[in-house]
Amino acid sequence: MASKSRITAAILAIFTGVIGGHKLYLKDTGGFMMFIFLFMISINIFGAPLTALLGVFEAFRLFSMTDEQFDKRYNRGIKKPTFSNVDRRRAEQIRKNESENVNRGFERTTQRKSIRNNPFKSSGLAKYKDFDLEGAIDDFNKGLDINPDDIALHYNLASAYSLTEKKELCFQHLSKAVSLGFNDFDRIMTHDDLAFMRIQPEFDNFKVSGFRNVPNGLSSKEKETVVKEAEQSDDVLLSQLSRLAELKKRGILSEQEFLLEKNKLMRR
């Protein structure tokens, strides 16, 4: 059974309310028969269809209703569509992304200019916000054909592939975005659209590599390089943390200053 539209019913009340056409649309047989009866009576007695005024009143009442009130009265018993876990998460993300610019925080002036020169970038963003993910992915990839080094396109593709649970492509495009200069790592670690990627077993190694190397696709030599770079990075970090601890111990840094500098190092 198809659900009824409040706006359609209100318009019918204006144009066909004189004979209760809106009641017929709403499956209100009793109300329709009442309008026909009043129509005939008013024509015989007053020579004019007073039901026309009733139709206008009904239209005003329908326009004044909320969708929830209308559905409760006229759409009862209609089965609502069911959603899979992925669909539910997507629906939730639509609400979260309504006021969020998915390019916020990392598009430079030249990148904003490229939106005007790259129609697939803006159309992809529009589809992404409407959660037409397959359409957005298609447009983003066409945008890369025009500008293969667009950081925002690679990041948005990574987000779209994460939401569609295509982890290999997600890692690939996020790695490319980082290699091109994307450095908002806090966003990678907190953005809801990348949640699926973060729960993958490969993500820890991906994070250690500085979000640059695609998991499960490295040669032995490349893996060795990643490990060495990670070890060197850890050694430098430990040295810097030890230095901060020593300065705090000597009273040169306060507790607050120590925590502030420590957080800065951990975010690098």
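How exposed is Lys142? Lys142 is partly exposed, with a relative accessible area of 34%. The model shown here is a predicted one, and the legends below go through it view by view.

**Figure 1. Lys142 and Asp138 pair up along helix H9.** The two side chains meet in a salt bridge, with 3.3 Å from N to O. Helix H9 covers residues 133-146, and the partners sit 4 residues apart on it, about one turn of the helix. Asp138 is partly exposed too, with a relative accessible area of 38%.

**Figure 2. Lys23, Asp28, Glu58 and Arg61 share one salt-bridge network.** Salt bridges with partners in common are what join these four residues. Start with Lys23 and Glu58, whose side chains come together at 3.0 Å, N to O. That pair links distant parts of the chain: Lys23 belongs to helix H2 (residues 21-25) and Glu58 to helix H4 (residues 51-64), 35 residues apart. Now look at how covered they are. Lys23 counts as buried at 9% relative accessibility, and Glu58 is buried at 9% as well. Lys23 also bridges to Asp28, where the closest N and O atoms are 3.5 Å apart. Asp28 has a relative accessibility of 27%, so it counts as partly exposed. Taken over the whole structure, there are 9 salt bridges.

**Figure 3. Phe185 stacks with Phe211.** A search of the whole structure turns up 8 aromatic pairs. In this one, the ring centres are 5.3 Å apart and the planes make an angle of 25°, which is a stacked arrangement. Phe185 lies in helix H12 (residues 185-190), while Phe211 is in the loop between helix H14 (203-208) and helix H15 (220-249); the pair therefore ties together parts that are 26 residues apart in sequence. The two rings don't get equal cover: Phe185 is partly exposed at 23% relative accessibility, whereas Phe211 is buried at 5%.

**Figure 4. Phe211 also pairs with Phe203, this time tilted.** Here the ring centres are 6.1 Å apart and the planes meet at 45°, so the pair counts as tilted. Phe203 is buried, with a relative accessibility of 3%. Step back a little and you can pick out the rest of the group: Phe171, Phe185, Phe203, Phe206 and Phe211 make up one aromatic cluster.

**Figure 5. Lys4 sits over the face of Tyr25.** The lysine is 5.2 Å from the centre of the tyrosine ring. Tyr25 falls within helix H2, which runs over residues 21-25. Lys23, from the network in Figure 2, lies in helix H2 as well.

**Figure 6. The whole model, for orientation: 16 helices and 0 strands.** The protein has 268 residues, and buried ones make up 35% of them. Of the contacts with a separation of 6 or more, 54% are between residues 24 or more positions apart. The accessible surface comes to about 16700 Å², and carbon and sulfur atoms account for 56% of that area.

Terms used: Residues numbered from 1 in each chain as written. Predicted model: local features only at pLDDT ≥ 70, side-chain atom pairs only at ≥ 80, totals over all residues. Heavy atoms only, no water. Phe/Tyr/Trp six-rings, centres within 6.5 Å; stacked < 30°, edge-to-face > 60°. Buried < 20%, exposed > 50% of the residue type's maximum accessible area, 1.4 Å probe, protein only. Lys NZ or Arg CZ within 6 Å of the ring centre and 35° of its normal. Contact = heavy atoms within 4.5 Å. Areas by Shrake-Rupley, 256 points an atom, 1.4 Å probe, with all protein chains shown as cover.
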